[in-house]
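Here is a short report on selected residues and one surface patch. Please have the sequence and the 3D view open while you read.

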Amino acid sequence: MLEILKAIIYGIVEGITEWLPISSTGHLILVEQLLPFKGTSENFFEMFDVVIQLGAILAVVVLFWYKIWPFYKKGNMEMVKGGIKKSKRDISIGNISLSMDAFWMWVKIVVACIPAVVYGLIFDDKVEEIFAKPVNEAGMTVKVIVVAVMLVLVGILFIIIERRNKDRVPVMKSVSSITFQAALIIGVAQLVAAALPGTSRSGSTILAAILIGVSRKAAAEFTFFLGIPVMFGASLLKILKFGFAFTGLELAVLLVGTIVSFLVSLFVVRLLMGYIKKHDFQAFGWYRIVLGIIVLLVFALI
């Protein structure tokens with residue numbers, strides 16, 4: 001029962017931090033230092049902290065279904081109100097039409113995914129091996145240090161970039177207006193987050209997008225949509241590496257954590273989209289800096 005309670009806590013943390021630019025992986029790693037699972041296999045958490053993000057991704061699929069699903073029936077006005085725009089460029093076969101705006105959005109997302117795919121296939125295991133090395137008797141690892149440092153550094157970048165862009169008018173105000181070049185730049189920024197825990201996938205992609213002239217709303221939405229193939233792919237890769245020989249406890253913990261992260265994400269995504277209509281991301285930058293410093297001080301004193 002205690003492990004299930006831990007899974008609920010992990011799910012809440014994942015659901016909150018996956019979409020806020022404060023690093024879900026970094027927070028899960030820190031929680032794992034405080035509340036490690038007992039009775040699970042050695043590599044279980046390495047797989048768990050990635051697969052649990054599927055719950056958060058499914059929340060985006062539910063909330064933005066009419067923006068990400070490219071097919072619609074002719075005369076379906078709900079599609080217009082729900083998200084994708086009908087245009088004369090759309091392709092129709094019988095009663096089914098393909099939104100070209102949604103189609104090209106997915107092509108751009110595929111382009112943005114390329115750097116992460118290359119990294120995952122070539123470098124993921126090697127980097128994990130380096131980060132797993134302990135640095136003191138209290139159990140602090142290289143990964144924890146990297147998380148703390150990146151929390152601070154990316155927090156500083158958020159503050160600098162938001163202040164720099166305060167009076168700038170974005171040139172790409174919608175997801176459909178994001179260019180292929182911009183999509184690739186955002187994908188490279190995502191690669192930094194994949195390599196350095198604590199960076200935040202959403203944080204790095206949103207920062208890069210804002211820096212090249214994408215509006216906050218479009219940057220957030222593109223980040224949400226980009227996370228769908230990335231996290232499904234990363235989860236599949238982790239499960240294949242871990243194997244399918246789950247114990248009853250491991251399967252229960254994984255399912256509970258994923259379901260809780262889904263439910264919490266439904267609320268947090270709506271909250272974030274409402275927040276960025278009137279606010280910038282500086283508050284998240286300050287949060288990251290404070291948390292990173294606290295982590296460094298705590299582990300330095302242990």
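Ser-24 is buried in this predicted model. Its relative accessible area is 8%. Buried means under 20%, so Ser-24 qualifies with its 8%. The residue belongs to helix H2, which covers residues 24–34. Its side chain has a polar partner: the side chain of Glu-18, at 2.9 Å. Neighbours within four places in sequence aside, Ser-24 touches Glu-14, Thr-17, Glu-18 and Gln-53. Glu-18 is thus named both as the polar partner and in the contact list.

Helix H2 also holds His-27. His-27 counts as buried because its relative accessibility is 10%. A polar atom of the His-27 side chain lies 2.8 Å from the backbone oxygen of Ser-23. Beyond four places in sequence, the contacts of His-27 are Val-13, Thr-17, Ile-22, Tyr-287 and Leu-291. Thr-17 appears here, and Ser-24 is in contact with Thr-17 too.

Val-51 sits in helix H3. Val-51 is buried, with 4% relative accessible area. With neighbours within four places left out, Val-51 is in contact with Ser-235, Ile-239, Leu-254 and Thr-258. Another pair to look up is Val-51 and Gly-120. Their C-alpha atoms are 15 Å apart in space, and the two residues are 69 apart in sequence.

Leu-35 is another case. Is Leu-35 buried or partly exposed? It is partly exposed, at 31% relative accessible area. Leu-35 lies in the loop that runs between H2 and helix H3 (44–51).

The table collects the accessibility values.

| Residue | Relative accessible area | Class |
|---|---|---|
| Ser-24 | 8% | buried |
| His-27 | 10% | buried |
| Val-51 | 4% | buried |
| Leu-35 | 31% | partly exposed |

Leu-35 also helps to form a nonpolar surface patch of about 670 Å². A patch residue needs over 30% relative accessible area, so Leu-35 meets that cut-off with its 31%. The other members are Leu-2, Leu-5, Ile-8, Ile-9, Ile-12, Ile-16 and Leu-34. Which helix gives the most to the nonpolar patch? Helix H1, residues 2–17, does, with 6 residues.

To recap, Ser-24 pairs with the Glu-18 side chain, and the His-27 side chain has the Ser-23 backbone oxygen at 2.8 Å. Leu-35, by contrast, is partly exposed and contributes to the nonpolar patch.

Notes:
Residues numbered from 1 in each chain as written. Predicted model: local features only at pLDDT ≥ 70, side-chain atom pairs only at ≥ 80, totals over all residues. Heavy atoms only, no water. Helix = DSSP H or I, 4+ residues; strand = E, 2+ residues; numbered from the N terminus. Buried < 20%, exposed > 50% of the residue type's maximum accessible area, 1.4 Å probe, protein only. Polar contact = N/O pair within 3.5 Å; in protein donor to acceptor, adjacent residues only side chain to side chain. Contact = heavy atoms within 4.5 Å. Patch = residues over 30% accessible without salt bridge, like charges linked within 9 Å, V, L, I, M, F, W, Y side chains within 5 Å. Areas by Shrake-Rupley, 256 points an atom, 1.4 Å probe, with all protein chains shown as cover. Salt bridge = Lys/Arg side-chain N within 4 Å of Asp/Glu carboxyl O.
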